[in-house]
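Please look over the sequence and the 3D structure below before reading on. The briefing that follows takes up the contact between chains and the enclosed space.

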Amino acid sequence: MSPLTTTHHATATGPVLRVGGDLDYEHAPALREHVERVVLTPGQCLTVDLSDLQFCDSSGITALLAARRHTQAAGAALVLAHVPANTLRILAIVGLDQVFTIHPGSGTV
Amino acid sequence: MCRRTDEEPDPGTDRATDAAFSALLEDSPEELYEQAPCGYLSTLMDGTVAKINATLLNWLGLDRETVIGRTRFADLLTVGGKLYHETHFAPLLRMQGQLRGIALEMRAASGDRLPVLVSSTVKHGSGGEPLLIRTTVFDASDRRAYESELLRRRKEAERARAEAEQARAEAERERERAEQALRQAEADRARLTDAIAALQRSLVPSALPAAPGLESAVYYHTASPDRLGGDFYDFFPIDEDRWAFFLGDVCGKGPAAAALTSLTRYTLRAAALHDPEPAHALATLNTVLHEQYTAAGDPRYCTAVFGIIEARADAAPDHRRIRIASGGHPPALLIRAGGKADFVPTPGGLLVGILPDAPFTTAHTTLAPGDTLLLYTDGLTEARTGPTRTSLFGDDALHAFITDRRPAGPQELVTALTGLLQSFGDGLDDDTALLAIGVPETQPTTTTATNTPR
């Protein structure tokens, strides 16, 4: 297992949160806490860049859903970018590919 | 030769030495009496002091004039000493003629007490009549102080011993309390284990019921050390011709997940009896979970496969129709009698409980003799494999595993998969549930229901 890494920087459309490592039961709460601290204004877009994500289980899905609630509460949007194929498959299984806005692999962030 | 002259004392030299010593050491008997290192006094038989030496006067701080002929020996003593003198000392002295080393206390002019050791002898006349009493007095202050010190030390030692004894008793009581606490903790743990086991039995059935014309098998692995799993399953009759089954996975682990599991299981059972349309049962569960958790600000959800297995009116009685719906759950696998395996597509199903209105659709398939339907949770397909535990087992490997082995019937299938799960070792870090339902190839007269020990 690899530890979770989260870094974030601001862009013109809103903050970008880059998540790497394992998003599992042990590490998902760290992402939830990080997302809670991101300040959003209405109309902004929070981009969660998953290009370095190694693993994502149901706890990771929960953390992403929490991020979605957080952005909705702030009147902002959430975009998942560079979602690894494996995680995309899981999102499809649980039907969340219809719920999240997902930017395909190599979009600009 | 021996030098004998050296060994024989010279009488003349000895006499000279004795005289020199006498002259040097004692001027006179009178001087010796007055300045002796002990007190001397002589009294008449009634105790009146007739003679007293300077040493004793000095100790008592008295003048000779105020003592001689005016004071009795007993008057020089403390009240206690005087009493002892009258009741014991004087009578004994008259009887025995002498007394030695009697401890008394004298009273000095300053009021100080002087502990002394007194010896007295009665001097008799030529006719044997008692004439006077000669008394020596030794200062016993140091000895008394020494005795006091001894007594004090003995008391200290006794107190220390008592304290040590008390500390030992306290330590013993502490040990007993600790032992009792340990016994209590063990009893609590046993009770908690029982409670968890009872709770766990309420989450999944302890044994699957025997369904006429069907065979079923189940396996459940809990990764959590308290054995409260987040996976659930059930298999139960709706009416004479229809049986319901479900299997799923709630988010999270431990007691909170167990509470969600319990709510999910009983909601699905009740929903199935009310309206056994799979999509409707999942919609009911979605409403309940969303209202209970997500709408209340505590998003929790589950994935679930729900199905109804029923007799077909338009076919042989050993052919069954299956209606099945999924809420964000990995697709079920249908293994045909010939060994061909296919995932049962259940499109459109969303995680149960995250959105107020989630779409669920019911898919259909059939179960012919020799066919087996396998439901599983993602503990199986998400198990980490490979030497570094970095790759996931995955759907394709599951499909290949089953196609290779062609297990005949639910029990053989679950046994093979149980072996597979055990081969994952610590790569299996999530709860895993397996539920297989099939129609026996050759219709048996009785059915088997198996619950593999968890």
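A polar contact is a pair of N or O atoms within 3.5 Å, where within protein one atom must be able to donate a hydrogen and the other to accept it, and residues adjacent in sequence count only if both atoms are side-chain atoms. By that rule, three residue pairs are in polar contact between chain B and chain A, both residues being at pLDDT 80 or more. This is a predicted model, in which local features need pLDDT of at least 70 and side-chain atom pairs count only at pLDDT 80 or more, while totals for chains, interfaces and linings use all residues. Residues are numbered from 1 along each chain as its sequence is written, and chains are lettered from A in the order in which they are written.

**Interface**

- Contact (heavy atoms within 4.5 Å) joins 20 residues of chain B to 20 residues of chain A.
- Between them the two chains bury about 1600 Å², 59% of it on carbon and sulfur atoms, where buried area is the accessible area (1.4 Å probe) lost on being put together, summed over both.
- One salt bridge is counted between chain B and chain A, the term standing for a side-chain nitrogen of Lys or Arg within 4 Å of a carboxyl oxygen of Asp or Glu.
- Asp395(B) and Arg89(A) form a salt bridge, with their closest N and O atoms 3.1 Å apart.

**Cavities**

- A cavity is a set of points on a 1 Å grid over the protein atoms alone where a 1.4 Å probe fits but cannot get out, and its lining residues have an atom within 4 Å of a point.
- Two cavities of 30 Å³ or more are counted, and the largest has a volume of about 210 Å³.
- Of the 20 residues lining the largest cavity, those closest to its centre are Ile90(A), Val94(A), Thr303(B), Gly328(B) and Asp378(B).
- The second largest cavity holds about 30 Å³ of space, and its lining consists of Ile335(B), Gly370(B), Thr372(B), Pro407(B), Gly409(B) and Leu413(B).

How values were computed:
Side-chain values use heavy atoms; hydrogens and water are left out. On a 1 Å grid over the protein atoms alone, a cavity is a set of points where a 1.4 Å probe fits but cannot get out, and a pocket is an open set with protein on both sides within 12 Å along at least five of seven lines; lining residues have an atom within 4 Å of a point. Grid points are joined across faces, edges and corners, and a volume is the space filled by probe spheres set on the points.
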